[in-house]
Amino acid sequence: MASSTNNHLTFLVLLFLFLLQKSPSLATHLSIDGLLPFAPKHVTIFNKLTTRGTLVAHCMNKETDLGIRKLPSGGSFAFRFHVNLRRTTTYNCTFEWPGNRVTFDIFRADRDDSERSPFGVCRECIWYIYEPAPCREKRDGTHSICFSWD
Ligand SMILES: *[C@@H]1O[C@H](CO)[C@@H](O)[C@H](O)[C@H]1NC(C)=O
């Protein structure tokens with residue numbers, strides 16, 4: 001009797017988590033940024049090189065290779081995903097432009113999806129790639145935070 005109640009509860013919890021992962025809009029409505037699992041994220045990367053050269057971006061995580069993207073000056077590309085249950089989601093990128101090759105973790109759950117992060121949580125994570133630094137725009141769009149290349 002008790003174990004059948006537990007089975008039902010386990011089923012409902014799993015169903016809820018499944019629906020949350022499958023339905024970005026449900027997750028968006030329910031999600032208080034960074035507090036629920038499977039937070040939806042939208043990362044956009046802009047070529048802001050002051051030389052106005054082409055930026056070649058190659059981003060991936062353990063499961064997904066987003067391919068090689070050639071971004072003209074001012075151009076961008078974007079991708080969506082959900083943070084995993086254990087909050088270990090990381091996407092890294094290699095950026096190349098004439099004479100340079102740098103790498104950077106463009107998304108880290110501990111930096112971009114944690115209430116404890118000094119940089120705050122981003123759901124729309126907008127990155128501007130300049131020669132000296134990648135900069136993430138703050139949620140309110142007022143100013144950006146720049147990081148150093150890896
Ligand atoms: C980027 O992540 C992939 C998958 O985790 C890894 O194999 C690769 O070495 C990483 N690249 C860099 C430059 O850290």
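User: Buried means under 20% relative accessible area, exposed means over 50%, and partly exposed is in between, with a 1.4 Å probe and only protein chains considered. Which of these classes does Arg 87 fall into?

Analyst: Happy to start there: this is a predicted model, where local features need pLDDT of at least 70, side-chain atom pairs count only at pLDDT 80 or more, and totals for chains, interfaces and linings use all residues. Residues are numbered from 1 along each chain as its sequence is written, and side-chain values use heavy atoms, leaving out hydrogens and water. Arg 87 has a relative accessibility of 31%. That value falls between the two cut-offs, so Arg 87 is partly exposed.

User: How many salt bridges are there?

Analyst: A salt bridge here is a side-chain nitrogen of Lys or Arg within 4 Å of a carboxyl oxygen of Asp or Glu. Under that rule, the count is seven.

User: Which residue meets Arg 87 in a salt bridge at 3.1 Å?

Analyst: The partner is Asp 113, with the 3.1 Å taken from N to O. Asp 113 sits in the loop between α3 (109-112) and β7 (124-129), and Arg 87 in the loop between β4 (76-82) and β5 (90-97), so the pair links distant parts of the chain, 26 residues apart (helices, H or I of at least four residues, and strands, E of at least two, are DSSP runs numbered from the N terminus). The partner is buried, at a relative accessible area of 1%. The residue you want is Asp 113.

User: Which residue joins Arg 87 and Asp 113 in a network of salt bridges?

Analyst: The network has these two residues and a lysine as members. That lysine is Lys 41.

User: How many residues apart in sequence are Arg 136 and Asp 112?

Analyst: Arg 136 forms a salt bridge with Asp 112, and their closest N and O atoms are 2.7 Å apart. Arg 136 belongs to strand β8 (residues 134-137) and Asp 112 to helix α3, so the salt bridge ties together parts of the chain that are separated by 24 residues. Both ends are buried, Arg 136 at 2% relative accessible area and Asp 112 at 0%. The separation in sequence is 24 residues.

User: Which residue's side chain has an N or O atom 2.4 Å from a ligand oxygen?

Analyst: The residues around the ligand (a heavy atom within 4 Å) are Met 60, Asn 61, Lys 62, Asn 92 and Thr 103. The side chain with the 2.4 Å approach belongs to Asn 92.

User: How much of the ligand's area does the protein bury?

Analyst: Accessible areas come from the Shrake-Rupley method with a 1.4 Å probe, and for residues only the protein chains shown count as cover. The ligand taken alone exposes 360 Å². The share buried by the protein is 44%.

User: Where does the side chain of Ser 117 meet a backbone oxygen, and at what distance?

Analyst: Ser 117 lies in the loop between α3 and β7, and at 10% relative accessibility it counts as buried. A polar contact is a pair of N or O atoms within 3.5 Å; within protein, one must be able to donate a hydrogen and the other to accept it, and residues adjacent in sequence count only if both atoms are side-chain atoms. The Ser 117 side chain reaches the backbone nitrogen of Phe 119 at 3.1 Å. Its polar atom also meets the backbone oxygen of Arg 111, at 2.6 Å.
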